[in-house]
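Visitor: I should like to learn how to read this structure, beginning with the way its chains meet. Please take me through it feature by feature.

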There are 2 protein chains.
Amino acid sequence: MSLIVMKFGGTSVADIKKIKNVANIVSQEAQKNKIIVVVSAMAGVTNKMENYIKDINSDHNLENDLILTSGENVTIGLLSAILKDIGIHSLPLLGWQVPILTDSEHQKAKILNIDKNRINSFLENYDVIVLAGFQGINLDGHITSLGRGGSDTTAVAIASALKAERCDIYTDVEGVYSTDPNIVPQAKKISKLAYEEMLEMSSTGAKVLHTRSVELAMKNNLTLQVLSSMIKKNGTFIVDEQKLIEKEIVSGVSYSKNESKVSLSGIPDKPGLSAKIFGLLASKNINVDMIVQNISQDGISANITFTVPNNDINFTKKILENNKNEINYNSLKTDEKVSKISVIGMGMMSQTGVAQKMFKTLGNNSINILAISTSEIKISVLIDEKYTNVAVKALHEAYNL
Amino acid sequence: MSLIVMKFGGTSVADIKKIKNVANIVSQEAQKNKIIVVVSAMAGVTNKMENYIKDINSDHNLENDLILTSGENVTIGLLSAILKDIGIHSLPLLGWQVPILTDSEHQKAKILNIDKNRINSFLENYDVIVLAGFQGINLDGHITSLGRGGSDTTAVAIASALKAERCDIYTDVEGVYSTDPNIVPQAKKISKLAYEEMLEMSSTGAKVLHTRSVELAMKNNLTLQVLSSMIKKNGTFIVDEQKLIEKEIVSGVSYSKNESKVSLSGIPDKPGLSAKIFGLLASKNINVDMIVQNISQDGISANITFTVPNNDINFTKKILENNKNEINYNSLKTDEKVSKISVIGMGMMSQTGVAQKMFKTLGNNSINILAISTSEIKISVLIDEKYTNVAVKALHEAYNL
């Protein structure tokens with residue numbers, strides 16, 4: 001008998017009917033394997049708790065985590081009770097009952113240790129353990145939370161610690177798609193992806209899995225499956241590159257509208273200029289992504305263009321304006337109506353012409369490229385936001401996805 | 001510096017504004033004393049949880065208690081955060097964090113032990129401990145709940161364990177009244193009551209305090225105060241009889257409409273008859289209250305009348321009907337439209353004529369007495385439910401309350 005970890009998010013346990021559906025899925029898997037099922041709070045509950053915290057404007061981390069983690073008590077209790085009713089020998093456990101030991105960074109705690117022996121002894125006596133996601137306990141005995149998407153992390157961490165055969169992440173889609181099906185109806189479900197590809201997809205806009213949980217799975221060489229809690233069929237397996245028989249040159253096209261472009265022009269072209277600007281922004285925790293620098297036509301001053309997350313654009317403007325004299329730029333322009341389009345694929349490493357095809361496809365559609373950034377398995381370009389759908393559709397077709 | 005335990009129920013912490021009010025009351029008391037404040041879940045939350053349990057028809061105790069105890073996470077977190085904002089050094093604790101050790105009788109668990117040393121060490125480092133009411137942990141490490149009114153029990157238990165100077169129970173009324181002010185507007189707030197009087201009042205219909213918490217306070221000789229969370233003034237102190245300077249002959253008049261009358265007639269008058277009937281009901285956990293037995297006019301058969309709680313009347317009928325041959329009665333009649341009226345006072349023990357005045361007052365108002373039961377400090381009569389208000393008003397006046 002193997003161990004399978006299954007994770008169901010808030011929308012999969014939003015009401016009693018949906019929890020009964022989860023119980024059915026779990027009970028089928030429990031015929032063949034020992035199960036740890038990780039659940040979040042009912043959809044909406046964590047938002048409600050966040051609103052309470054906002055209402056009192058609380059920056060008290062210990063208290064905030066107590067409030068934020070209350071919802072999982074309810075879902076693990078309900079799911080375990082329903083499982084018992086259909087004859088499954090089940091045990092509900094909160095984070096502190098395992099315990100899932102974390103550091104004290106409330107609201108973004110990192111898991112330090114999971115008591116394997118204790119869980120294994122529970123697994124000897126029960127068919128299914130229903131575990132509260134998103135929460136842990138620190139060394140002082142206070143409840144901590146792992147941050148948004150934390151239930152994915154709980155599932156992957158416990159699966160890694162216990163060397164589970166697989167960690168299944170149930171969602172409201174059938175898996176990871178070659179691109180957003182809302183834009184390209186022909187988008188197809190990908191059957192296998194390398195961790196690296198999934199990471200690039202997550203960080204370039206595909207919202208299926210939390211980046212942190214993919215990193216953790218990769219580190220532990222744990223097979224992940226993203227699949228639907230509504231339709232019974234295989235989802236997308238996320239595995240080690242070695243396990244991919246054929247590496248796709250391009251596996252998917254992703255996009256993100258959460259980018260803002262900043263352009264500084266007329267800066268004296270001296271060494272150390274970039275270091276000054278980006279050092280300044282990094283010291284304020286602003287994540288700069290794509291950077292383009294070019295010499296202006298007069299040959300003595302430079303222009304710099306880069307992107308920051310939409311959330312940070314106002315803060316970025318303020319910092320640059322406050323340091324206008326020091327940086328010594330001529331003009332500052334910003335544009336929030338831009339979009340980052342990425343093509344991702346493990347096969348790109350050993351294949352040439354991928355970037356060229358991307359640029360040509362965009363050119364044929366009269367789409368201007370504002371900036372470019374690349375990694376070994378990804379090419380991203382920045383374009384005008386209004387061309388997002390046209391670009392995604394054209395690229396999806398160009399790479400025969 | 002003394003230790004005061006303060007308890008606020010669900011209606012006192014029903015929203016952020018009310019929790020802020022609680023924080024103000026606590027902060028005033030914290031200027032003079034160390035404080036443990038016990039809170040329930042927000043009004044309505046525990047009912048919502050009970051509905052979930054009803055929806056899935058769960059009889060799984062471990063799971064039910066997990067679900068039922070989720071609401072206190074939120075209130076202790078919010079109250080502690082607000083206290084910190086107004087400069088009070090506060091620590092929120094759940095039942096398992098103390099720990100409050102209970103037996104495994106889920107939904108009606110009894111407290112076995114409270115870790116005094118641990119709490120005392122917390123009290124050295126914090127001004128206020130905000131403690132979740134209603135919940136504990138059993139020896140297997142599972143969460144338990146103490147049943148309805150359980151937060152009162154938590155407050156009294158912790159105050160007793162730590163020998164607190166006083167346990168203040170905050171409610172939406174100003175204290176314990178000589179009778180229900182909804183029936184008698186002149187009803188007055190009682191300033192001091194003996195534990196025994198409060199117990200009789202609780203068990204005869206006054207809903208201010210949970211019987212169990214009064215028993216626990218009496219056993220530990222802990223001073224209780226029932227007071228308002230809306231108006232700042234002294235409430236009703238509940239103390240040892242010895243501390244009452246003047247014992248009132250009658251302190252209060254209470255009533256309960258939660259009674260049903262059962263009459264069995266034409267039973268052969270043999271020894272062991274009552275034992276048979278009431279043994280049968282006791283074995284089914286039915287609580288029989290007032291009992292009247294008399295010989296019928298033919299001199300050879302008896303009639304028996306008694307009361308049971310309204311909830312149990314149908315079950316009682318069923319049991320008696322199923323055992324008709326064995327008991328050998330002639331006819332069975334029930335009446336749910338009856339009311340129990342009680343007069344209560346410590347002074348009654350050394351005073352005669354109290355019962356006589358009660359019977360005379362009811363007689364003067366043409367109210368027929370269906371049954372009588374007495375204790376050292378209480379006289380209860382059963383009457384037709386429609387005369388409840390008339391009887392309560394007349395008795396309140398007759399005893400000059």
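Guide: The contact takes 25 residues from chain B and 25 residues from chain A, where two residues are in contact if their C-beta atoms, placed from the backbone, lie within 7 Å. This is a predicted model, in which local features need pLDDT of at least 70 and side-chain atom pairs count only at pLDDT 80 or more, while totals for chains, interfaces and linings use all residues. Residues are numbered from 1 along each chain as its sequence is written, with chains lettered from A and ligands numbered from 1 in the order in which they are written.

Visitor: Which elements give two or more residues to the side of chain B that touches chain A?

Guide: They are α2 (45-55), α3 (61-68) and α4 (71-85) of chain B; helices (H or I, at least four residues) and strands (E, at least two) are DSSP runs, numbered from the N terminus. The largest share, 9 residues, comes from α4(B). By class, this side of chain B has 12 nonpolar, 10 polar and 3 charged residues. Here Ala, Val, Leu, Ile, Met, Phe, Trp, Tyr, Cys and Pro count as nonpolar, Asp, Glu, Lys and Arg as charged, and the others, Gly among them, as polar.

Visitor: What rotation superposes chain B on chain A?

Guide: In general, two copies of a chain are related by a rotation about an axis and a shift along it. In this case the rotation is 180 degrees, with 0.1 Å of shift along its axis and an RMSD of 0.2 Å, by least squares on the C-alpha atoms of residues with pLDDT of at least 70 in both copies. The two copies are therefore related as by a two-fold rotation axis. In chain B, the C-alpha nearest the axis belongs to Ser70(B), 2.9 Å from it. The same surface serves both copies, as 100% of the contact residues of chain B recur in chain A.

Visitor: How should the sheet be read, and what is its strand order in chain B?

Guide: Strands of a sheet pair through backbone hydrogen bonds, either parallel or antiparallel. Chain B has an open sheet of 8 strands with mixed pairing, in the order β3-β6-β2-β1-β9-β11-β12-β10; two strands pair if DSSP finds at least two bridges between them. At the edges stand β3 (90-93) and β10 (192-194) of chain B, each with a single partner strand, so one side of each is left without a neighbour in the sheet. Within the sheet, β1 (residues 3-8) and β9 (residues 166-171) of chain B pair in the parallel sense over 5 bridges. Lys7(B) has Ile169(B) in β9(B) as its bridge partner.
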